[in-house]
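Student: Got a minute to go through this model with me? I'd like to start with the terms.

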Amino acid sequence: MPSFTYWPTFPFEGDLRVKRLLDPVPIEPPRHGDNPAECRACGAPDEAYIWVSDRWRVRSLDRPTGLPAVLILESRSHLDLGDLPNMLAAELGVMTVRLERAIRSLDGVARVHVNRWGDGAAHLHLWFLARPYGRLQLQGTFLALWDDILPPIPEDQWRENLALVAAWLAEFGGRPLAEPPRINWTAPARFREEARTVDPDAALGDAGIHVEPPEPAASAPADDGASTDKAAGEEPKTPTLTKEKTPDTP
């Protein structure tokens, strides 16, 4: 067996055997999109992508992946890598670095693998695969295989990662189309439990906090001859005001 089957990053173990190598074919079959009229990438609307610009588009797979992010950079024009004019070739380098940085900015991402095969489709597309931080077994050549083996990440996290990458790219232009997951505003059960234990006497203040009533105001001393027995229901007497007599002015 080849030596890579003993690497710690090799995702399989046990008895393995190598397939028989088939004879070469005289004429290779056409790739998808060799006929531009049948190219799915050319016919896809912008809404199928997470970010778009005048000359480039970025899309994801249609479902959560085993890795934090698996994204594909495509040229808007129907071109393959060797067909790019100089301007688009230069922009491809800028877009590759920019998208790599955007994916690496996600929490828990250590490295971003960039791959281009081109055997399946004629329309230019580069793959970007995010390796999770600390997962040393996923280093190197077999990261794409591990993506198919690992269980998919939660959909909310997957959508949030796509939205963050799209927003990062939009800082340099283009239009972000990926939206973050909606927030579930359902109150946790513990909030309902706390509502049942609110002190009914707590008319003031926050729920569940007993507020002591204020101290009664001190009453003024009673005037001589005035009844202070308020419990009997008597109204307090209003004292009669008398005006002092002043000598007549001559």
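Tutor: Sure. Buried means under 20% relative accessible area, exposed over 50%, and partly exposed in between, using a 1.4 Å probe and protein chains only. Helices (H or I, at least four residues) and strands (E, at least two) are DSSP runs, numbered from the N terminus.

Student: Which residues are buried in H4?

Tutor: Trp158, Asn161, Leu162, Ala163, Val165, Ala166 and Leu169.

Student: Any caveats on the source and numbering?

Tutor: This is a predicted model, so local features need pLDDT of at least 70 and side-chain atom pairs count only at pLDDT 80 or more, while totals for chains, interfaces and linings use all residues. Residues are numbered from 1 along each chain as its sequence is written, and side-chain values use heavy atoms, with hydrogens and water left out.

Student: Back to H4. What do its buried residues pack against?

Tutor: Strand S1 (51-52), strand S2 (56-60), strand S3 (70-75), helix H2 (86-104) and strand S6 (175-176). Contact here means heavy atoms within 4.5 Å.

Student: What span should H4 have, and what are its ends doing?

Tutor: H4 covers residues 155-170, which is 16 residues. The expected span is 1.5 Å times one less than the number of residues. That gives 22 Å, and the end C-alpha atoms are 23 Å apart, which agrees.

Student: Zoom out. How many helices and strands in the chain?

Tutor: Five helices and six strands. From the N terminus they run α-β-β-β-α-β-β-α-α-β-α. Of the 250 residues, 28% are buried.

Student: What share of the contacts comes from residues 24 or more positions apart?

Tutor: They account for 60% of the contacts with a separation of 6 or more.

Student: Now the sheet. What's the strand order?

Tutor: S4-S5-S3-S2-S1-S6, an open sheet with antiparallel pairing. Strand S4 (109-115) and S6 are at the edges with a single partner strand each, so one side of each has no neighbour in the sheet. Two strands pair if DSSP finds at least two bridges between them.

Student: How many bridges join S1 to S2?

Tutor: Two, and these strands run antiparallel. Val52 has Arg57 in S2 as its bridge partner.

Student: And S3, how many of its residues are buried?

Tutor: Six of its six residues. Val70, Ile72 and Glu74 point one way, and Leu71, Leu73 and Ser75 point the other.

Student: What stands opposite Ile72?

Tutor: Arg59 on the S2 side, and Trp127 in S5. S3 pairs antiparallel with S2 over five bridges, and five bridges also join S3 to strand S5 (residues 125-132).

Student: Switching to the surface. Which residues make the nonpolar patch?

Tutor: Met1, Tyr6, Phe12, Leu16, Val18, Leu145 and Ile149, over about 720 Å². Patch residues have over 30% relative accessible area and no salt bridge; like charges are joined within 9 Å, and nonpolar side chains (Val, Leu, Ile, Met, Phe, Trp, Tyr) within 5 Å. A salt bridge is a side-chain nitrogen of Lys or Arg within 4 Å of a carboxyl oxygen of Asp or Glu. Areas come from the Shrake-Rupley method with a 1.4 Å probe; for residues, only the protein chains shown count as cover.

Student: Where is Leu145?

Tutor: In helix H3 (residues 143-149). At 38% relative accessibility, Leu145 counts as partly exposed.

Student: Last one: is Arg182 buried or exposed?

Tutor: Exposed, at 83% relative accessibility. Arg182 is in the loop between S6 and helix H5 (189-196).
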